[in-house]
Amino acid sequence: MNYKVNIGLEVHIELNTKNKMFCMCKSSFGDEENTNVCPICLAQPGALPIPNKEAISLAIKTGIATNCKINNKVVFDRKNYFYKDLPKGYQITQFYNPICTNGYINLENKKINIREIHIEEDAGKVGKNNIIDYNRAGIPLLELVTMPDFENSEEVIEFLKLLREILLFCNISDCKIQEGSMRVDINLSVRKENMPLGNRVELKNIGSFKSIKNAINYEIKRHINLLENGDNINIETRRFDEDNNITIFMRNKENIEDYCYFKDPDIIPINLSYDFINKIAKNMPILPSEKRILYKTKYNLNINDINALLSTPKINKLFEDLVYLNNNPKEIANLISGELFKIINENNLDIENINFNNIYISNLINMFLNNKISRDTYKNVFFEIIVNNIEPINFIEKNNLYIICDINLIENMVIEIIKQNQKSVNDYKSGKEKAFKYLIGQCMKSFGGKCDINIIKTLLLKYIN
Ligand SMILES: [Zn+2]
């Protein structure tokens, strides 16, 4: 039997605003508990919420970047429910009139439709020792709701990565899943082919892209097993147990009627002018999707390099600065996707927390491309710039790292190495490629890596044969 999977997403995104959604409290993560609070976000009687203009602008920016229609009337509603982290007893949201509707994001081979993006406020958080921290209460959120267009976990992850890219590059959110500034709820159903949509299960509170993928894959298998056995699928909310790689029942799903939505009488509807929306549209940065096309068609880069260059705005700026200065996108893309990522991963560095001068890297690339230093020196000095921000020209001068150009000198050394390593020479002659690599290594070593590897190769072949 063939099964069809339908997945829709609800993504909550904390906005990068200075202040909360309806008051002037600071909007930040990690501060001491209950220090960013006031009568408005604590819902004291008589306190009146005032919508945050910056948050509305960011919502419009998100809508434009995801091809949505922007609604020029901003209206807020109340979603009524009781929970200890919700001081008002209701959450302010946009139920009837979301600010953005009918958008989409294009995956490599598929279009994912976005039903709506609406603005709401975050709730507080039950923290350590059961203390409720209201610092988060009132932080502006966007909720982006897709249509159930996804058919597998790969598409979901591809979408989330593209969405994250947009939000980072437009400076809308920092999208840190582990800090909760991007939270993904998954609605999933499985049906037999040609049958109507199956019963929907919601997966909540999943802490990483990897877990999202595992949770979806587990849930699809669970549904198929139930259907194969002729069992019913219950409409419910489940969470993901990362340790055991399974989903677990959390609660039965609430109905929309349970929330008694109605228009918030404390907030006057806002009419957005055409100029206000147009100004935001005109000031949009170049979107990552446009950069992807440019890097592919103009620079002829492959998808792995492109993904690496768009992994964070800081890395992307480094790439674009260097392309501007050195005009060699292929070499620069190699350096970043290969060497830079190797250094970051091997030394456990956070790219946001290290400082290096882009001009230094540009100077280094110039020296390498003009044959002043060998590839070995190039890599070693690049490491020094990334980790210690050293200035390369003085460093190379001081340590005498210029490439050795004296052909006689190199030739004599190669002859000497061949003499000393007759066994390897014979091994190479009998077909062992590894032996040749060893000989190259010995030559490079005797010159402290300051030699052009191609000259060494040519000379070795000349004298071996
Ligand atoms: Zn406040």
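I take helices (H or I, at least four residues) and strands (E, at least two) as DSSP runs, numbered from the N terminus.

**Entry 1: ground rules**

This is a predicted model, so I kept local features only at pLDDT of at least 70 and side-chain atom pairs only at pLDDT 80 or more, while totals for chains, interfaces and linings use all residues. Residues are numbered from 1 along each chain as its sequence is written, and side-chain values use heavy atoms, with hydrogens and water left out.

**Entry 2: two backbone oddities**

I looked up Cys 175 and found it in the loop between helix H2 (153-169) and E11. Cys 175 is not a glycine, yet its phi is positive, at about 50°. Is Cys 175 buried or exposed? For burial I use relative accessible area: buried is under 20%, exposed is over 50%, and partly exposed is in between (1.4 Å probe, protein chains only). Cys 175 comes out at 3%, so I count it as buried.

Ala 43 was my other stop, in the loop between E1 and helix H1 (53-65). Ala 43 also has a positive phi, about 60°, without being a glycine. With a relative accessible area of 30%, Ala 43 is partly exposed.

**Entry 3: the zinc site**

Which residues hold the zinc ion? I noted Cys 23, Cys 25, Cys 38 and Cys 41 as its protein donors, each through SG, at 2.3 to 2.4 Å. Donors here are N, O and S atoms within 2.8 Å of the metal (3.2 Å for Na, K and Ca); water is not among the atoms, so sites may look incomplete.

Along the chain, the donors of the zinc ion are spaced C-x1-C-x12-C-x2-C. The angles among the four donor atoms run from 100 to 115°, and the site is tetrahedral. That label asks of four donors that all angles lie between 85 and 135 degrees. For reference, the ideal angle for four tetrahedral donors is 109.5 degrees. I also checked burial for two of the donors: Cys 23 and Cys 25 are both buried.

**Entry 4: salt bridges**

How many salt bridges does the structure hold? I have 24 on the books, each being a side-chain nitrogen of Lys or Arg within 4 Å of a carboxyl oxygen of Asp or Glu. As a reminder to myself, side chains of opposite charge can pair when their charged atoms come close.

I opened the pair Glu 14 and Arg 183 and read 3.8 Å from N to O. Glu 14 sits in strand E1 (residues 3-14) and Arg 183 in strand E11 (residues 182-192), so this salt bridge ties together parts 169 residues apart in sequence. Glu 14 is buried at 13% relative accessibility, whereas Arg 183 is partly exposed at 22%.

Then I went to Arg 222 and Glu 219, whose side chains meet at 2.6 Å, N to O. Both are in helix H3 (residues 209-228), and because they are three residues apart, about one helical turn separates them. Arg 222 is buried at 17%, and Glu 219 is buried at 0%.

My next pair was Glu 339 and Lys 379, with closest N and O atoms 3.9 Å apart. This one links helix H8 (residues 329-346), home of Glu 339, to helix H10 (residues 375-388), home of Lys 379, across 40 residues. Glu 339 is buried at 14%, while Lys 379 is partly exposed at 34%.

Last, I noted a network: Lys 4, Lys 110, Glu 151 and Glu 155 are joined by salt bridges that share partners.

Note on methods. Tetrahedral: all angles 85-135°; square planar, octahedral: opposite > 155°, others 65-115°.
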